[in-house]
Amino acid sequence: MQSFAAQVTNATGSDPESVAVGDFNGDGYPDLVVANYNATTVSVFLGTAAGTFGTATTYTVGSNPYSVAVGDFNGDGKPDLAVVNSGSNNISELLNTSTGGTLSFAAQTPLAAGTNPYAVAVGDGSTLSSTQLDASATGAGGVSVPGTFVYSPAAGTTPAAGSDTLSVTFTPTDTTDYNTATATVTLTVAGFSLTENNGVSSQQVTAGGAATFNLTVSPVGSTTLLTPVALSITGLPPDATATFTPATVAAGSAATAVKLVIQTTGSSAVRNTKPQDQAPRNVRPILLMLLVLPLVAMQLLRKRMQRAPRFAAAVLFAALSMGAVVGLSGCSAAVSTPPHTNTTYNLVVTETSGAVSHNFNLTLIVQR
């Protein structure tokens, strides 16, 4: 037999419009936060092991708070609050500063939004939930009107960063006394992007040189970043190092310039190059033959040219010796000057904010 206990009510502020769930004081029990439209506050109710909630703690936000979302905005592992204020056209950010089970939030500078915003989602990559899509219809005297609601986009959709429009169409069950109606609200989704300032995504350097890329981390959908953004890189050449300045862009920042310096080394070029005064082993027998050849030739010619003038023999010996010297020089030049080679490295820069990350591709060509 299924049964329910009598309802327990908890007083909130005037005209509550939205509710969200999170463990705000870190005790392992789910808590509630409610946006109070006419009270310019949010009410936080701490949950207990019995499944009940204590007296509300209120925090002041902007004018006519309509929707509230929960997320870890500063990466400290504690759930924070984002409240969209339709009357003051901004978003209130409350960072969770609770310690030892004691609840506390610190208000941040509000983020500007569009005209009369009505909903907020946490970070790009978040999907719309049925809790967010919770329209209702009322008739004369505040009586609830039964019917069906169709949302666009539907629950489970991931909205794009920026300003999105949500619409809901209500079809009443009683079509005699009530008409079909459609309403729209504005959803502000905060995100971030990474671009190359000068549009240069490929550079070439000589081994041992440094390449500099000028990047920009920008908020999308708000004037400042709601969450910190960290940067990293993969695909570097062997022994190369990369430095981001700054390595992390703090929450609350506007568009921020980031300098990426990649320092290569010349060690690989040195290891792959043979000393110029040392010939390869397979060339040494040839060099020895070139040295001995004039002496052998002179012995053979001496038997056939017994009557030849000494001057002619000297000239012939000099010619053979010069040929040997030229041969030696040619072999030395051929093996001592290696050709230049270019190696292309495909780099991947990753910007991460909480559970959301984006990749950005760069190309580095190293000449050795």
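Is Phe-170 buried or exposed? I started my notes with that one, and Phe-170 turns out to be buried, with a relative accessible area of 8%. The cut-off for buried is under 20%, so Phe-170 qualifies. Reminder to self: this is a predicted model.

**Entry 1: the Phe-149 and Phe-170 pair**

I looked up the ring partner next. The rings of Phe-170 and Phe-149 have centres 4.9 Å apart and planes at 35°, so I logged the pair as tilted. Phe-170 belongs to strand E12 (residues 162–172) and Phe-149 to strand E11 (residues 147–152), so the pair ties together parts 21 residues apart in sequence. Phe-149 comes out as partly exposed, its relative accessible area being 27%.

**Entry 2: other aromatics**

I searched the whole structure for aromatic pairs and got five. One of them is Phe-24 with Phe-105: the ring centres are 5.9 Å apart and the planes stand at 70°, so this pair is edge-to-face. I checked where the two sit. Phe-24 is in the loop between E1 and E2, Phe-105 is in strand E8, and 81 residues separate them, so to speak, as distant parts of the chain. Both Phe-24 and Phe-105 are buried. Tyr-59 joins Phe-24 and Phe-105 in one aromatic cluster.

**Entry 3: whole-chain numbers**

I went back for the overall counts. The chain has 368 residues, and buried ones make up 32% of them. I find three helices and 22 strands. For contacts between residues at least 6 apart in sequence, 52% join residues at least 24 apart. The accessible surface comes to about 20,400 Å², and carbon and sulfur atoms account for 56% of that.

**Entry 4: nonpolar cores**

Which residues have the most contacts inside the largest nonpolar core? I get Leu-215, Val-217, Phe-244, Leu-260 and Val-349, in a core of 24 residues. Several strands each supply at least two residues of this core, among them E14 (191–196), E16 (210–220), E20 (256–263) and E22 (356–367). E17 (229–234) and E21 (342–353) are also on that list. A second, separate core has 14 residues, including Ala-20, Val-33, Leu-81 and Phe-105.

I then pulled the contacts of Leu-215, skipping neighbours within four places in sequence. The partners include Leu-194, Phe-244, Val-258, Leu-260 and Phe-360.

**Entry 5: the sheet E14-E16-E20-E18**

I traced this one as an open sheet of four strands in that order, with antiparallel pairing. E14 and E18 (241–245) are the edge strands, each pairing on one side only. Neighbouring strands are turned by 25° against each other on average, direction ignored. Between E18 and E20 I counted five bridges, running antiparallel. Phe-244 has Leu-260 in E20 as its bridge partner, and both names are already in my notes from the largest core.

**Entry 6: strand E7**

How many of the residues of strand E7 (residues 90–96) are buried? Seven of seven, so to the eye it is mostly covered. I checked the faces separately. On one side Asn-90, Ser-92, Leu-94 and Asn-96 are buried, and on the other Ile-91, Glu-93 and Leu-95 are.

Then the partners of E7. Strand E6 (residues 80–85) joins E7 through five bridges, antiparallel, and Val-83 stands opposite Ser-92. E6 and E7 make a hairpin with four residues between them, and Asn-89 in the turn has a positive phi of about 55°. Strand E8 (residues 105–107) is joined to E7 by three bridges, again antiparallel. Here Asn-96 of E7 faces Phe-105, the residue I had noted for its ring pair with Phe-24. Strand E9 (residues 111–112) pairs with E7 in the antiparallel sense over two bridges, with Asn-90 opposite Ala-112.

**Entry 7: the sheet E1-E2-E3-E4**

Last look of the day. Four strands form an open antiparallel sheet in the order E1-E2-E3-E4. The edges are E1 (16–22) and E4 (57–60), each of which pairs on one side only. The twist from one strand to the next averages 20°. I followed E1 into E2 (residues 31–36): they pair antiparallel over six bridges, and Val-21 stands opposite Leu-32.

Note on methods: Residues numbered from 1 in each chain as written. Predicted model: local features only at pLDDT ≥ 70, side-chain atom pairs only at ≥ 80, totals over all residues. Heavy atoms only, no water. Core = buried A, V, L, I, M, F, W, Y, C linked by side-chain atoms within 4.5 Å. Buried < 20%, exposed > 50% of the residue type's maximum accessible area, 1.4 Å probe, protein only. Contact = heavy atoms within 4.5 Å. Areas by Shrake-Rupley, 256 points an atom, 1.4 Å probe, with all protein chains shown as cover. Pairing = 2+ DSSP bridges. Axes fitted to C-alpha atoms, helices over the stretch in contact; angles between N-to-C directions. Phe/Tyr/Trp six-rings, centres within 6.5 Å; stacked < 30°, edge-to-face > 60°.
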